[in-house]
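Thanks for sharing this one with me. Here are my notes, in the order I would look at things on screen.

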Amino acid sequence: MRTQQHCFQLRCLYFVSKVFLLTVIIGSCTSWYRFVFNKVSCNEKMSIKVGKSLPEEHPEKWMEYLSPDVTEQTQMKDLVIPGSHDSASFDLDPGSGRANDDTSNIELAEEKFERWFKTQNLDFTEQLKIGVRYFDLRTIKHPVTGNFHFVHGLFSHKTVEKYLKDIRRFLDKNKKEVVLLDFNHFYNMRKYNHRSLCTIIEKSFNEMMLNRKKSLYNNMTVSKITLSKLLELNARVIVLYGSANKCKDHEHIWSRDEVDILWPFTANKYSVVDNLIHEYKNLSRKDIIVVWPGILTPFEDDYYLERMKSFSNLQEFVTPILEIMVEWIKSRPNIPFNIISADFVEEHDFIKTVIRANNKPL
C-alpha cells in the first residue's frame, strides 16, 4: 500500500515538474516573441518615420524626398523650386576689368565693383547642396581670350565649361535631383559663338539632358512634364536658352518660350510683392515655367544710386527683401508659385521656406 502511494506521489511530482517545465518554455518563448516583436515594431516605426521625412530637412536631396503624389502628378510649372538670381556672380574677377553688359550704365568707383556686382556668396556646389535647382546665367565671350565666361559687371574667374563641370559632379552623386539652367543674357556673341557654347553645354551633360526633339514628338514640354517622368528618362538637366534659334541643331537645347521671368522693377523692398503680382497678372501665357525673383532692381524712379550710398555692399542693401519674401511665402497666399529666386540665397531660411511650399497644408 505504501509502495503504491509512493509511486502515485512520484507520478504526481513528475507530472507537476513536466507542467512547470512546459510553462517555463512557453513563457520563455513568449518573452522572446515579445522581444522580437517589439524590435520589429520599433524598426517599422523607424521606417515610417523616415518615410515621413520632409524634403526641406534634406536640402541636398530634397527632390528625392518629395511625396509620390508630387513627383508623379505635379507638372514642372506647378513645382515650387528655389532659384538663385545672377547665379554665377559668386566668383567675379576684379582684375579682368569692367565687362560690357547690362550693368554698364551703373557708375561705380573701381574699388566698389566686386561688392556691388556680387549677388551670391555660395558657389554652384554649395548652392546645390542647400537646395537651389534653378540657375540664372548670363554669358559673355571674353574680348581678349575668346573664352566664354559668366558675367555680372565683371567677368567670372573661370570659364563656363569649368563651372558646368561642378554642376555635373553634384548630379553624378545625387541621382534623383533635377536642375534648370537658364541661359538668358548674352554679350559679345555672334551666331557661331552660340553654336560653340551650345556644344560645350551638351558635352558637359550629354546623356543627362532632356531631349527637346524627342519630347516634343511625344507632346511633352518642359512646363508640363513631371519630375518622375524626368527621372524615368534620366533627363535631369533642362537647358533653357535665350537664342535657341541659333542652336536649333542641338537637340537638347530648349527655347526660352517655355519660361518667363517676372521683374519687380523696384529698389523699394515694400513694393516688390505687389509688383510681382502685377507682372504675373499681365502675363500673356500662364501655362509656362514662371520665375518669381524676390530681388531689388535698379529703376530710375526709385533713386537706386542714391539709396546705394547708404550701404557698404549689395548684400547689405538687398537682403531685407528676403525677409519679406519669406513671410509672404509662409503665409501661403493664393499664388501659383513656381520658381522663386533671390540674391544671397543662404539668408533668412529662404531655401527651406521655398521647398516647404511644396507640402500640402494640413
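**Notes on rings, a helix and a disulfide**

1. Please keep in mind that this is a predicted model. A good place to begin is R98, which lies over the face of F113, 4.9 Å from the ring centre. There is a second arrangement of this kind to look at: the charged end of K286 sits over the ring of Y280, at 5.2 Å from its centre.

2. Next, the aromatic pairs, of which the structure holds 16. One of them is formed by F90 and Y163, an edge-to-face pair with 5.8 Å centre to centre and 85 degrees between the planes. F90 lies in the loop between β1 (81-84) and α3 (113-117), while Y163 belongs to helix α5 (residues 160-173), so the pair ties together parts that are 73 residues apart in sequence. Both F90 and Y163 are buried.

3. Another pair worth a look is W116 with F317, which is tilted: the centres are 6.2 Å apart, and the planes make an angle of 55 degrees. Since W116 is in helix α3 and F317 in helix α11 (residues 314-318), this pair ties together parts that are 201 residues apart in sequence. Here too, W116 and F317 are both buried.

4. Which residues join F90 and Y163 in one aromatic cluster? The other members are F124, F135, F150, F183, F186 and Y241. I would display these side chains together with F90 and Y163.

5. Now to helix α6 (residues 191-205). Its 15 residues reach 22 Å from the first C-alpha to the last, close to the 21 Å expected at 1.5 Å a residue. After α6 comes N206, whose phi is positive, near 25 degrees.

6. What does α6 pack against? Its buried residues are N193, H194, L197, C198, I201, E202, S204 and F205. These buried residues of α6 pack against helix α5 and against the strands β2 (134-141), β3 (148-152), β5 (179-187), β6 (237-241) and β7 (253-255).

7. One of those buried α6 residues, C198, brings me to my last point. A search of the whole structure finds one disulfide; C198 and C247 form it, with their sulfur atoms 2.2 Å apart. The link is right-handed, with 90 degrees about the S-S bond. C198 lies in helix α6 and C247 in the loop between β6 and β7, so the pair ties together parts that are 49 residues apart in sequence. Both C198 and C247 are buried.

Technical notes:
Residues are numbered from 1 along each chain as its sequence is written. This is a predicted model: local features need pLDDT of at least 70, side-chain atom pairs count only at pLDDT 80 or more; totals for chains, interfaces and linings use all residues. Side-chain values use heavy atoms; hydrogens and water are left out. Rings of Phe, Tyr and Trp (its six-membered ring) pair if their centres lie within 6.5 Å; planes under 30 degrees apart count as stacked, over 60 as edge-to-face and the rest as tilted. Helices (H or I, at least four residues) and strands (E, at least two) are DSSP runs, numbered from the N terminus. Buried means under 20% relative accessible area, exposed over 50%, partly exposed in between (1.4 Å probe, protein chains only). A charge sits over a ring if NZ of Lys or CZ of Arg is within 6 Å of the ring centre and within 35 degrees of the ring normal. The expected span of a helix is 1.5 Å times one less than its number of residues. Contact means heavy atoms within 4.5 Å. A disulfide is a pair of cysteine sulfur atoms within 2.5 Å.
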